[in-house]
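The following paragraphs offer a guided reading of a protein structure for a reader who has not met it before. Please keep the sequence and the three-dimensional view at hand while reading.

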Amino acid sequence: MNKLGVWIWGHLPLKHRMRGRLIWLLSPKFVVGVSGVLRDEEGRILLLRHTYRGKTPWGLPGGGLKPGELLEQCIEREFMEETGLRVEAMSMLSGAAHPEYKLVDIIYSCRLLPGESLDAFRPNAEVSEAHYFHLHELPQSIPPGQSRLIRIALAQARDRDD
């Protein structure tokens, strides 16, 4: 905001609540997407073949943040909806803004809860397949941006482990 804008804002006779609404109204809006990296004991990454993604169907489990939902709740819910698996969101690995899509992507590392196994996966309307892949074996039909985010997230996870 420029000096004139700051001066006007400071002198507007608006209550705090009205200022908050005005800020919200004038601010850009973004969708927040939350994805999860789940690795098996061999270090492979779980990818899902989504039924609605056309030429790039493979990708991480995930989806959009709902109003009032925490990021961790979002990825745990999305895992359950897409795979039937119960997971725990462990830590945020990476985030990226995609202004051209008005999207913010957040990636969490996740772990399976005790008693859970990919053997329990059943295809559904949203996801037709679920498989673990080594980083050097990622399918060609994964969106390039998501492939890049997976590599960044795993590099950040390695840095934390060192």
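**The sheet and its surroundings**

In strand β4, G63 is the bridge partner of V34. The model considered here is a predicted one, and this single pairing serves as a way into its sheet.

On another strand, β6, the residue that stands opposite V34 is I106. V34 thus has a bridge partner in β4 and a residue opposite in β6. A further pairing with β4 involves S35, which stands opposite G62.

These contacts belong to strand β1, which comprises residues 31–38. In what sense does β1 pair with β4, and over how many bridges? The two strands run in the antiparallel sense, and three bridges join them. With strand β6, residues 103–112, the pairing of β1 is parallel and extends over eight bridges. As a general matter, the strands of a sheet pair through backbone hydrogen bonds, in either a parallel or an antiparallel manner.

The whole arrangement may now be described. Four strands make up an open sheet, ordered β4-β1-β6-β5, with mixed pairing. Its edges are formed by β4 (62–64) and β5 (87–98), each of which pairs on one side only. On average, neighbouring strands of this sheet are turned by 20° against each other, direction ignored. As to cover, β1 is mostly shielded: six of its eight residues are buried.

Attention may next turn to the aromatic side chains. One aromatic pair is present in the structure. The ring centres of W58 and F133 lie 5.2 Å apart, and their planes meet at 80°; because planes over 60 degrees apart count as edge-to-face, the pair is assigned to that class. It connects distant parts of the chain, since W58 belongs to strand β3 (residues 58–59) and F133 to strand β7 (residues 127–133), with their positions 75 residues apart. Are these two residues buried or exposed? Both W58 and F133 are buried.

The last stop is at the surface. Which residues make the nonpolar surface patch of about 410 Å²? The patch is made by W24, L25 and L26. Of these residues, L26 lies in helix α2, which covers residues 16–26. The relative accessible area of L26 is 65%, and L26 therefore counts as exposed, the cut-off for that class being over 50%.

In summary, the reader has met a four-stranded open sheet with mixed pairing, an edge-to-face pair formed by W58 and F133, and a nonpolar surface patch that includes L26.

Terms used:
Residues numbered from 1 in each chain as written. Predicted model: local features only at pLDDT ≥ 70, side-chain atom pairs only at ≥ 80, totals over all residues. Heavy atoms only, no water. Patch = residues over 30% accessible without salt bridge, like charges linked within 9 Å, V, L, I, M, F, W, Y side chains within 5 Å. Areas by Shrake-Rupley, 256 points an atom, 1.4 Å probe, with all protein chains shown as cover. Salt bridge = Lys/Arg side-chain N within 4 Å of Asp/Glu carboxyl O. Buried < 20%, exposed > 50% of the residue type's maximum accessible area, 1.4 Å probe, protein only. Pairing = 2+ DSSP bridges. Axes fitted to C-alpha atoms, helices over the stretch in contact; angles between N-to-C directions. Phe/Tyr/Trp six-rings, centres within 6.5 Å; stacked < 30°, edge-to-face > 60°.
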